[in-house]
Amino acid sequence: MKHLTPYPDKSSAIGQALRIAREQGEVVLVGEMPQQVRLVCFDMDATLIRMETINEIAAAAGLGEEMKMLTLRAMQGEEDFRSNFIQRVKMLRGVPVSVLEKIASNMPYANGLDSLIKRLDDAGIETAV
């Protein structure tokens, strides 16, 4: 985990942190953790892990290209996200649990995730995904 001291302009530090995270897959802490923080919530895909889980499941089920196209349409605002997501999840109906277990056991965690979670835990901060 990288730790950046905030610049006088906080947005510059955040911008640098985002660049590091995007380019190096590294978790970045900007500044010190405030005392009043008691819970940090994370997104999982492309945040805590370096993959999109639904696309990996679809690829394992032989539906990778169709899933990528549906996902792209939702992300570009061409379709309502909620109904598109429901459609994508329905595509995965019947995928064996063994496929999910294999994907889960091989998730590529973000660089520095262990040290970030330990630091949050040491500070008494709960985490959620």
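## A walk around helix α2 and its neighbours

Start by selecting E66, M67, L70, T71, A74 and M75 in α3, together with F81, N84, Q87, R88 and M91 in α4: these residues meet across the two helices. Contact here means heavy atoms within 4.5 Å. Helices (H or I, at least four residues) and strands (E, at least two) are DSSP runs, numbered from the N terminus.

Before going on, some ground rules. You are looking at a predicted model, where local features need pLDDT of at least 70, side-chain atom pairs count only at pLDDT 80 or more, and totals for chains, interfaces and linings use all residues. Residues are numbered from 1 along each chain as its sequence is written, and side-chain values use heavy atoms, with hydrogens and water left out.

**Stop 1: α3 against α4**

Keep that selection and colour it by class. The contact of α3 with α4 has six nonpolar, three polar and two charged residues. For the colouring, Ala, Val, Leu, Ile, Met, Phe, Trp, Tyr, Cys and Pro count as nonpolar, Asp, Glu, Lys and Arg as charged, and the others, Gly among them, as polar.

Now draw the axes. Those of α3 and α4 are 9 Å apart, and the packing angle is about 170 degrees; that makes α3 roughly antiparallel to α4. The axes are lines fitted to C-alpha atoms, for helices over the stretch in contact, with angles running from 0 to 180 degrees between N-to-C directions. Angles under 35 degrees count as roughly parallel, over 145 as roughly antiparallel, 65 to 115 as roughly perpendicular and the rest as oblique. Look down through the pair and you have a left-handed crossing. A crossing gets that name if the near helix is turned anticlockwise from the far one by less than a right angle, and is right-handed if clockwise.

Next, pick E79, in the loop between α3 and α4. Is E79 buried, partly exposed or exposed? With a relative accessible area of 25%, E79 is partly exposed. The scale: buried is under 20% relative accessible area, exposed is over 50%, and partly exposed is in between (1.4 Å probe, protein chains only). Beyond its neighbours within four places in sequence, E79 is in contact with L70, R73, A74, N84 and Q87.

**Stop 2: α2 against α3**

Move to α2 (53-60) and α3 (64-75). Their axes are 7 Å apart and the helices pack at about 150 degrees, which makes α2 roughly antiparallel to α3. To light up the contact, select I54, N55, A58 and A59 of α2 with G64, M67, K68 and T71 of α3. Those residues divide into four nonpolar, three polar and one charged.

Zoom in on N55 in helix α2. N55 is buried, at a relative accessible area of 17%. Setting aside neighbours within four places in sequence, N55 is in contact with M67, K68 and T71. While you're here, click on G62, which follows α2 and has a positive phi, near 80 degrees.

**Stop 3: α2 against α5**

Swing round to α5 (97-105), one of the elements that cover the buried residues of α2. The axes of α2 and α5 come within 10 Å and cross at roughly 130 degrees, so α2 and α5 are oblique to each other. This crossing is right-handed. Select E56, I57 and A60 of α2 and V99, L100 and I103 of α5 to show the contact. By class, the contact of α2 with α5 has five nonpolar, no polar and one charged residues.

**Stop 4: the inside of α2**

Which residues of α2 are buried? Select T53, I54, N55, I57 and A58. Their cover includes α3, α4 and α5. T53 has 13% relative accessibility and counts as buried; outside its neighbours within four places in sequence, T53 is in contact with M44, D45 and M107.

For contrast, find A46 in the loop between β3 (39-41) and α2. A46 is exposed, at 55% relative accessibility, and its phi is near 60 degrees, a positive value in a residue other than glycine.

**Last stop: the cores**

A nonpolar core is a set of buried Ala, Val, Leu, Ile, Met, Phe, Trp, Tyr and Cys residues joined through side-chain atoms within 4.5 Å. The largest one has 12 residues: I49, M51, I54, I57, A58, M67, L70, M91, L92, V95, I103 and M107. Its largest share, three residues, comes from α2. Then hide that set and select L48, L113, L116 and I125, which are included in a second, separate core of eight residues.
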